Amino acid sequence: MARQFPTIEPALRDFLLNQHVFFVASAAPGSRVNVSPREIGALRVLGPNRVAYLDQTGSGNETAAHILAGGGITIMACAFSGAPRILRLYGKGRVLPRGGAAYAAMLDEHFGGDEPLGARQIVVVDVDLVQTSCGYGVPLFDHRGERPNLARWAEAKGEAGLEAYRREKNAASLDGLPTGLTGTAETAEIA
């Protein structure tokens, strides 16, 4: 039932971008595996073997730590309505820290220059394998909308509060791996 592809074909790109949520999984040697949900509006398909998503400040920064440690990353989307299907994009990532030139260029070119207050970094994934599977076990759900909580939380914190939060909560992974994020504008690309 599973099929593998060397690239993100147009039909697969369309499937991916028509979902409401995607999941990011990452791990590094000796680390815990992390899986995080993201809203599809944060994701961009940059080419047949590259995607990126605008990552906002959250309770941890595991993906950046795993990328910095040379770990792998997988993006998964599944159909919660319509025909069943799961799509996985396997690859290696790199992080474009907020405040850097590469981040600014990516933000302008692929995100229309729109930067939410809580933006932390852009994660770019160089995809080396695309796989679909049946999705028969994925339940059906109705999408009611996006939650406003993250934006409200970022607004309440403000820029200075977000920087302090990132320094305290986002500088290291659960396993103590550095994330490359200090809470202030970074200029070097991670990984």
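Hi everyone, let me start with one residue: N18 is exposed, because its relative accessibility is 57%, and the cut-off for exposed is over 50%. Before I go on, please keep in mind that this is a predicted model. N18 sits in the loop that links α1, residues 10–17, to β2. Along the chain, N18 and A79 are 61 residues apart, yet their C-alpha atoms are separated by 9.0 Å.

Now for the strands. Let's look at β7, residues 86–97. Is β7 enclosed or open to the outside? Of its 12 residues, 9 are buried, so the rest of the structure largely encloses this strand. On one side of the pairing story we have β6, residues 72–78, which runs antiparallel to β7 and is joined to β7 by 7 bridges. If you want a landmark there, find T74, which stands opposite Y90 of β7. Then there is β8, which pairs with β7 through 12 bridges, again in the antiparallel sense. The landmark for that pairing is V95, which has V123 of β8 standing opposite. As a general reminder, side chains in a regular strand alternate between the two faces of the sheet.

That brings me to the nonpolar cores. In soluble globular proteins, nonpolar side chains tend to be buried together. Here, the largest nonpolar core holds 24 residues, and the ones with the most contacts inside it are F22, L43, V51, I75, L89 and V130. Which elements supply at least two residues each? They are α1, β2, β5, α2, β6, β7 and β8. Of these, β8 gives the most to the core, with 4 residues. There is also a second, separate core of 10 residues, with L96, Y103, M106 and A119 among them.

Let me go back to V130 for a moment. Setting aside residues up to four places away in sequence, V130 touches R3, Q4, F5, T7, I8 and L12, and also L87, R88 and L89.

Next, the largest pocket. The space in this pocket comes to about 1300 Å³. It is lined by 36 residues, and those closest to the pocket centre are V21, P37, R38, E39 and E146. Several elements give two or more residues to the lining: β2 (21–27), β3 (34–39), β5 (50–56), α2 (62–68), β8 (119–133) and α4 (149–169). Which of them gives the largest share? The answer is β3, with 5 residues. As for the character of the lining, 17 of its residues are polar, 10 are nonpolar and 9 are charged.

I'd like to finish with two residues towards the end of the chain numbering. A154 lies in helix α4. With a relative accessible area of 3%, A154 counts as buried, because the cut-off for buried is under 20%. Outside its neighbours within four places in sequence, A154 is in contact with L117, G118 and L162. Compare that residue's position with F23: the two are 131 residues apart in sequence, and their C-alpha atoms are 22 Å apart in space.

The other residue is S173, found in the segment after α4. S173 is buried too, at a relative accessible area of 8%. Not counting residues up to four places away in sequence, S173 touches E62, A65 and T179.

That's my tour, and thanks for listening. I'm happy to go back to any part of the model.

Notes:
Residues are numbered from 1 along each chain as its sequence is written. This is a predicted model: local features need pLDDT of at least 70, side-chain atom pairs count only at pLDDT 80 or more; totals for chains, interfaces and linings use all residues. Side-chain values use heavy atoms; hydrogens and water are left out. On a 1 Å grid over the protein atoms alone, a cavity is a set of points where a 1.4 Å probe fits but cannot get out, and a pocket is an open set with protein on both sides within 12 Å along at least five of seven lines; lining residues have an atom within 4 Å of a point. Grid points are joined across faces, edges and corners, and a volume is the space filled by probe spheres set on the points. Ala, Val, Leu, Ile, Met, Phe, Trp, Tyr, Cys and Pro count as nonpolar, Asp, Glu, Lys and Arg as charged, and the others, Gly among them, as polar. Buried means under 20% relative accessible area, exposed over 50%, partly exposed in between (1.4 Å probe, protein chains only). Two strands pair if DSSP finds at least two bridges between them. A nonpolar core is a set of buried Ala, Val, Leu, Ile, Met, Phe, Trp, Tyr and Cys residues joined through side-chain atoms within 4.5 Å. Contact means heavy atoms within 4.5 Å.
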